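This report looks at how one pair of helices meets and at the surroundings of one acidic residue. Please keep the sequence and the structure at hand while reading.

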Amino acid sequence: MPAEDLVRRNQHGDPLGRRVRQNVRRVVGGGGGAAREMAAFAELMRHSVPGARQIAVASVRGGAGKTTMAALVATELARHRADRVLAADADAELGSLPLRLGVRSQLSLFELAGQNPRTFEEAAQFLSRTPDGLFVLSSTRDGRIAGEFTLETFQSALNAVGRYVAATVVDCGAGILTELNRGVIAGSHGLVLVTPGTVDGALSARGALEWFAGNDQQAVLPRTVIAMVSHAPQVGADLERAHQMLTAWGLPVVSVPYDRHLATGGSLDMSKISAAARAAVIRVVHEVFSRSLSAGMS
């Protein structure tokens, strides 16, 4: 069954009244700060890369919004960069990255692993592509579980295509302690650590940072951006204090507000994401991509 058949109403992230007010502000010339942010982001996207950049998107547990964030980060990169961008699903069970990106493929990373494509056109036979020009490497076949894979299998598939793209966004499986996820994070130039915008979500993110710091993973921290994703309108949580607790580590923390379209869990339509959520995602991409450019890895 197509995912769209399970969506009763594909709502816009912003209510109609808010969209009207935003359009009015654009017409009368408001939003100077937002315009400056977009100009700085556009300038960053024009930078050439010193070798292919890899950005991992991870979370301490499932349900944090990790796959949605990976899809958004990869899509924004593909929309704003002139070179090739790849989104790779590293969930060894039933990764939903292709679903969120609205693609399906009969081929997966299993078929690509061990291959040695001599051109990007040969590698592209194993990929899907979104309307925004983003290439997708799936861990499933036609939306079904293809099987468990190791870090070696994943890296073999990624190496086969990675040399032909400028940036790869990897959607890790849940958790940071598995061999696969540890390997992906250690081999990435940037990390988006996704956590729910709740009290326990903030505490779990702090726990992850403490684990990195205490287990010879300190090098990961300067490359990390924290995305606090709200899955429902917050009432009792003091997200400002949670934000302060995490920024005390010297890392950027971006709060991604609740968005009705993103909360549906179906294929993403970038035109239906709220202006506030879209702006937050742009900030995440800006922070993590700038860190990936200065990372000391090749």
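Helix axes are here lines fitted to C-alpha atoms over the stretch in contact, and angles between them run from 0 to 180 degrees between N-to-C directions. The model discussed is a predicted one, and its protein has twelve helices and ten strands. Of the 298 residues, 49% count as buried, and among contacts with a separation of 6 or more, 82% are accounted for by residues 24 or more positions apart.

The axes of helix 3 and helix 12 come within 10 Å of one another and cross at roughly 75°. Because angles of 65 to 115 degrees count as roughly perpendicular, helix 3 is roughly perpendicular to helix 12. The two sides of this contact are set out below.

| Helix | Residue range | Residues making the contact |
|---|---|---|
| helix 3 | residues 66–80 | M69, L72, V73, E76, L77, R79 and H80 |
| helix 12 | residues 275–294 | R278, V281, I282, V284, V285 and F289 |

A second site centres on D89, which lies in strand 2, a strand covering residues 85–90. Which side chain of opposite charge is nearest to D89? It is that of K66, 6.5 Å away, and D89, although buried, has no salt bridge. A polar atom of the D89 side chain does, however, lie 3.1 Å from the backbone nitrogen of D91. Beyond its neighbours within four places in sequence, D89 is in contact with several residues, including G95, S96, L97 and P98, as well as L109, F149, F154 and D171.

Key:
Residues numbered from 1 in each chain as written. Predicted model: local features only at pLDDT ≥ 70, side-chain atom pairs only at ≥ 80, totals over all residues. Heavy atoms only, no water. Helix = DSSP H or I, 4+ residues; strand = E, 2+ residues; numbered from the N terminus. Buried < 20%, exposed > 50% of the residue type's maximum accessible area, 1.4 Å probe, protein only. Lys, Arg positive; Asp, Glu negative; His and termini not counted. Salt bridge = Lys/Arg side-chain N within 4 Å of Asp/Glu carboxyl O. Polar contact = N/O pair within 3.5 Å; in protein donor to acceptor, adjacent residues only side chain to side chain. Contact = heavy atoms within 4.5 Å. Parallel < 35°, antiparallel > 145°, perpendicular 65-115°, else oblique.
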